[in-house]
Amino acid sequence: MPLPDLLLELPAPESGFDFDNAFSTREACLAAIIKARWPEGFACPECGHRTAWLHRRRPIIECADCGRQTSPLAGTLFANTKLPLPKAFKLCYLIVAAKSGISMLELTRQAGVAEATATLWKRKLRFVMAGRGKKPLSGTIETDEVVIGGRDEETQGRRLGPNKALIVVSVEDDGGKCGRVRLSAVDSASGEDLRRVVGKHVKPGSTLHTDGWNGYRGMPEVKHEPDPVRDPRKAHVKLPLVHRVASLLKRHILGILHGSWHPEWLGWLLEEWEYRFNRRKAARRPLLFERLLGWGVEMRVPTRKDWHDYTLAARELRVT
Ligand SMILES: [Zn+2]
């Protein structure tokens, strides 16, 4: 059969019901993947020919000229999955479209899959969320370290107690409102750790507002405007955006995880929360699915070794 019309816009379902209708067949899902992988239209990697055929049963595109077979799923989120594509799509949609996350029970019930499958796909999507190309924050940015877990009063200065994590929160100042956010777990508030985080998340030339902590000094790539806070209890007055974000994050951790977390998935937790926060105003939730599909097909498929490395990286965030 011929390739689906690639000039056709992807369906943009506005609800779960629309989604089911749009992606109820394997062909519809394949068309979406092909569109996401080759936005300008498929071209044979061997000869560059643009006419090709889609295999009726297998997910294979065959070049009409040289006969070379290309798998549209290879290297994507959907490679080597035993799950029928419509089910895999539905799972991704449910995970991404829920504004504040979805419980495992709801997920397995609505997608009609086993818990192990739902867990695997949640992990896959987190992998995609973490690996996506993130643009660094720019303009005026508030940055501060925030302690999560335990009670604030128990924290002495910048030293951490048990079951606590130190998170660097950076927020773009969008005319007094919160712009994009970046979160990073750090081992300490040392200059070295902070420089690494700021270097990764903040575009050179931006203006950084901090509480004046020494750790932020000597970052030549950003314009540092310290605003020393003498009394930590008044920090929210000086850095209101960071503290607004921090209180939302803390509420999330208290609400969903009852205030505890496992160091192994702290990194994922932050990635997922950051992802949702930065898209909280997205008028059309399904757009998120489209983007995710885009990232999912751009990425190298996460192999067993990737999982292993990723788990190690997450473990590195372990806090003492
Ligand atoms: Zn060819």
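**Exercise 1.** In this predicted model, find the helix in which Cys92 lies, and decide whether Cys92 is buried or exposed.

*Solution.* Start with the helix: Cys92 belongs to α3, which spans residues 85-97. Next, look at the surroundings of Cys92: 24 C-beta neighbours sit inside 10 Å. A residue is buried when 20 or more other C-beta atoms lie within 10 Å of its own. Cys92 therefore counts as buried. Finally, look along the chain: Leu125 is 33 residues away from Cys92, yet their C-alpha atoms are separated by 7.3 Å.

**Exercise 2.** Which element supplies the largest share of the largest nonpolar core?

*Solution.* Begin with the core itself, which has 31 residues. Among those with the most contacts inside it are Phe89, Leu91, Cys92 and Ile95. Then list the elements that each supply at least two residues: α2, β2, α3, α4 and α5. The largest share, 8 residues, comes from α3. Keep this core apart from a second, separate one of 30 residues, which includes Leu137 and Leu208.

**Exercise 3.** Which strands stand at the edges of the open sheet, and why is one side of each left without a neighbour?

*Solution.* Write down the order of the 5 strands: β6-β5-β4-β7-β8, with mixed pairing. β6 and β8 stand at the edges; each has a single partner strand, so one side of each lacks a neighbour in the sheet. On average, neighbouring strands are turned by 25° against each other, direction ignored. Now zoom in on one pair: β4 and β7 run parallel over 3 bridges, and Glu142 has His209 in β7 as its bridge partner. Last, find helix α6, which lies across β4, β5, β6 and β7 and runs at about 135° to β6.

Key:
Residues numbered from 1 in each chain as written. Predicted model: local features only at pLDDT ≥ 70, side-chain atom pairs only at ≥ 80, totals over all residues. Helix = DSSP H or I, 4+ residues; strand = E, 2+ residues; numbered from the N terminus. Buried ≥ 20, exposed ≤ 12 C-beta atoms within 10 Å, placed from the backbone. Pairing = 2+ DSSP bridges. Axes fitted to C-alpha atoms, helices over the stretch in contact; angles between N-to-C directions. Contact = placed C-beta atoms within 7 Å. Core = buried A, V, L, I, M, F, W, Y, C linked by C-beta atoms within 7 Å.
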